[in-house]
Amino acid sequence: MKFKTMKNKIKNILKIFFVLLLTSNCTVDIRQVPEPRTVIYSPVFLTESNLYIGKLEVYTSDSIEYTTAWRHIFKSFLLNNRISKNVKDLNGEKQINKDDYILDIEIYPVLNDKFNYWWTWPAIYPMPGYWPVQMRTYNYETIIKYKIIKNQSIIQESEIKETEEKTITMYGFYRTSEIEKMIEIVNLKALDKCSKEISLKVQ
């Protein structure tokens, strides 16, 4: 009984140390979007109608510049898939033809991470900065929800989900670039899958 109580106390102390450490160590920048796709100049498109991007929201705590980047990247993927030669922002448009498409998009990027503190605790004490085994597992998920609207009616409503998990074993406090690359690749897969799915609905 005493051993169990002592074990719980040690566990709680380690958790407190980790909270303090995580507030001061290098954090992962979740705002990773892939490079824009090269626009393919072709006389052939899936539709002659205009494709407008209406609502596009990225649900993160810091999403203003991130949303602008996603909008730009999303356009490049739609153009690359030759969906329409006219992919425009809906804002400011005064007249929408009944054959035109409107695309509303919601993006939910979520990054979770956790430490295996039974391996990592020597990096806090007694060997801070020296103990190399800092085992940290990251799970990143992107959900893209979209609606295709034509002539004031929803013709398609769907959700795309991509997820990936990666464990950093050595110096997990500081090695963020590998995780940021993972985030970029997950976003790339989600965008590619979403744009291809949209292309099937506007033909």
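Q: In which loop is the place of Arg82, and what is its phi near?
A: In this predicted model, Arg82 sits in the loop between helix H2 (64-80) and strand S2 (87-89). Arg82 is partly exposed, because its relative accessibility is 34%. It isn't a glycine, yet its phi is positive, near 55 degrees.

Q: Which element supplies the largest share of the largest nonpolar core?
A: That core has 35 residues, and Phe74, Leu78, Leu103, Ile105, Ile144 and Ile198 touch the most other members. At least two residues each come from strand S1 (51-58), H2, strand S3 (101-115), S4, S5 and helix H4 (177-199). The largest share, eight residues, comes from H4.

Q: Which of Asp113 and Arg136 is buried?
A: These two side chains meet in a salt bridge, 2.7 Å from N to O. The pair ties together distant parts of the chain, with Asp113 in strand S3 and Arg136 in strand S4, 23 residues apart. Buried means under 20% relative accessible area, and Asp113 comes in at 37%, so it counts as partly exposed. At 6%, the buried one is Arg136.

Q: Which residue joins Asp192 and Lys196 in one salt-bridge network?
A: Asp192 and Lys196 meet in a salt bridge at 3.2 Å, N to O. They are four residues apart in helix H4, so about one helical turn separates them. Asp192 is buried at 19%, while Lys196 is partly exposed at 44%. Salt bridges with shared partners bring these two into one network with Arg37.

Notes
Residues are numbered from 1 along each chain as its sequence is written. This is a predicted model: local features need pLDDT of at least 70, side-chain atom pairs count only at pLDDT 80 or more; totals for chains, interfaces and linings use all residues. Side-chain values use heavy atoms; hydrogens and water are left out. Buried means under 20% relative accessible area, exposed over 50%, partly exposed in between (1.4 Å probe, protein chains only). A nonpolar core is a set of buried Ala, Val, Leu, Ile, Met, Phe, Trp, Tyr and Cys residues joined through side-chain atoms within 4.5 Å. A salt bridge is a side-chain nitrogen of Lys or Arg within 4 Å of a carboxyl oxygen of Asp or Glu.
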